[in-house]
Amino acid sequence: MTTTEMLNPADAERRRRLRVMKTVATGALVFMAVLFVIAYSLQDTYPWLGYVRAMAEAGMVGALADWFAVTALFRRPLGLPIPHTAIIPNRKDAIGSSLSEFVATNFLSETVVRDKLAQFSVAARAGEFLIAPGSAERVTAELATAVRGISNVLSDDQVAEVLEGLVRRKVDEVQIGPYLGRIAAEVFERGDHRPLVDFVIDHGYDWVRNNYTVVARVVSQRAPSWSPRFLDGVIADRIYHEVESFMLAVKTDPNHQLRGALDRFLAEFAQDLQHDEKTIAQAETIKERIIENAEVRSLAASAWTSVKASLLQAAEDPESPLRTSVTEGLRNFGQQLVDGGEMATKVDGWIADAAGYVSRHHARNITGIIDETIARWDGEATSRKIELQVGRDLQFIRINGTVVGALAGLVIYTLAQLFL
């Protein structure tokens, strides 16, 4: 592929303009050379042409010097192996490193970045975007797309394994006994357990009342073989009525001694969970058994499956409560940012701190792309790229050198004629 074929339209236009300026600069040099020849040939006949000759001679020198200087940046003048020429092709890596260092130091330094961010509020601009019509909906749609993409990338087994590991590590870090003991102590102290106790006692009384035959059968089975049947029936009736009366008393009397004994037992158990080493160890053993249970271990997989299905269903439906809630939350968040206040200040502070951290620790890594890109370039290709960008302006140096040299030569020759 030729250089011309590689040029994009913008570079092709730059190349055309560069050629025009090269022609103009070279034309100025040729003009001075022709003028010099004419003046040099006729100055004996027309002495005043000495001024023209001096001007043209100095103009040629200035033009040649600046042509050499400009050309030496990009290639060897006339192909000659002159030292310190073709600077860009030969030192492109050093130039790239210096440019990268310059950008990192002067554009990505922490002070510069923080000062730039301080000139405007990122939070306010983000808030203005979020409250603009349709913006929150677009962000929500992008989040929904991200959720679908993540669900396709992540393996269900891997997610379940990660969730199980997280739960296991968290549970292993905490002694379950003291934790449960503190909760239980607060519950028992407030009396929040009493509705559950009432529920158990009520059902216990109902069971006793509706299961006379069970009591009678137990008495018959436990009675001696020589005991008369009618006696077994009398004993069964007596036992049943005593149990029923006892359960009825427990049910109807909030201050029954059994209820008090149960409260004391629960309170002591809550204290043992917190302070008794044996009870705490037993609680840990039960915790480990529960964790190792296959059904419990599969809970992570089933939980992720359910969450994933719910998320995907909500993500697909623009009118789902989840997407509606997210959209409304984004709008409210945007309004808080626009209104300023503590939230906007926090967001701006977080952004400034994050940008400052990146600038402080990774500015040179970011600008390292300049080093890497230029290092991959061919030396001559690099020279052509740079020449297309700045070569036209450099041709003005050649033209200015021609003009300034001519004027300097004229002034020097005139002063010499006047004072020497």
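Helices are DSSP runs of H or I with at least four residues, strands are runs of E with at least two, and both are numbered from the N terminus. With that in hand, helix 19 (residues 341–376) makes a good starting point, as Ile 374 has its place there. The structure described here is a predicted model, in which local features need pLDDT of at least 70, side-chain atom pairs count only at pLDDT 80 or more, and totals for chains, interfaces and linings use all residues. Residues are numbered from 1 along each chain as its sequence is written, and side-chain values use heavy atoms, with hydrogens and water left out.

Ile 374 is buried, at a relative accessible area of 11%. On this scale, buried means under 20% relative accessible area, exposed means over 50%, and partly exposed lies in between, with a 1.4 Å probe and protein chains only. Contact, here and below, means heavy atoms within 4.5 Å. Apart from its neighbours within four places in sequence, Ile 374 is in contact with Lys 92, Asp 93 and Gly 96. Val 197, by comparison, lies 79 Å from Ile 374 in space, C-alpha to C-alpha, and 177 residues from Ile 374 in sequence.

A second buried residue is Arg 53, with a relative accessible area of 16%. Arg 53 is found in helix 3 (residues 49–74). Once neighbours within four places in sequence are set aside, the contacts of Arg 53 are Phe 36, Ala 39, Tyr 40, Gln 43 and Tyr 413.

Attention now turns to charged pairs. A salt bridge is a side-chain nitrogen of Lys or Arg within 4 Å of a carboxyl oxygen of Asp or Glu, and by this rule the count comes to 16. One of them joins Arg 364 to Glu 101, with the closest N and O atoms 2.8 Å apart. Arg 364 lies in helix 19 and Glu 101 in helix 5 (residues 92–106), so this pair ties together parts that are 263 residues apart in sequence. Both partners are partly exposed: the relative accessible area is 30% for Arg 364 and 39% for Glu 101.

Helix 19 also takes part in a salt bridge between the side chains of Arg 360 and Glu 110, at 2.8 Å from N to O. Here too distant parts of the chain are linked, as Arg 360 is in helix 19 and Glu 110 is in helix 6 (residues 110–118), 250 residues apart. Arg 360 is partly exposed, with a relative accessible area of 46%, and Glu 110 is partly exposed at 23%. Another salt bridge brings together the side chains of Arg 114 and Asp 353 (3.2 Å, N to O). Because Arg 114 lies in helix 6 and Asp 353 in helix 19, this pair ties together parts that are 239 residues apart in sequence. Arg 114 is partly exposed, with a relative accessible area of 30%, and so is Asp 353, with 43%. Through shared partners, salt bridges join Glu 110, Arg 114, Asp 353 and Arg 360 into one network.

Aromatic rings come next. Rings of Phe, Tyr and Trp (its six-membered ring) pair if their centres lie within 6.5 Å; planes under 30 degrees apart count as stacked, over 60 as edge-to-face and the rest as tilted. A search of the whole structure finds 4 aromatic pairs. Among them is the edge-to-face pair of Phe 102 and Phe 107, with 5.8 Å from centre to centre and 70° between the planes. Phe 102 is partly exposed at 44% relative accessibility, whereas Phe 107 is exposed, with a relative accessible area of 51%.

Finally, helix 15 (residues 277–292) has an axis that comes within 8 Å of that of helix 10 (residues 176–190), and the two cross at roughly 105°. Axes are lines fitted to C-alpha atoms, for helices over the stretch in contact, and angles run from 0 to 180 degrees between N-to-C directions. Helix 10 and helix 15 are therefore roughly perpendicular to each other; angles under 35 degrees count as roughly parallel, over 145 as roughly antiparallel, 65 to 115 as roughly perpendicular and the rest as oblique. Ile 176, Gly 177 and Pro 178 of helix 10 meet Ile 280, Ala 283, Glu 284 and Lys 287 of helix 15.

Helix 14 (residues 257–275) packs against helix 15 at about 85°, with the axes 6 Å apart.
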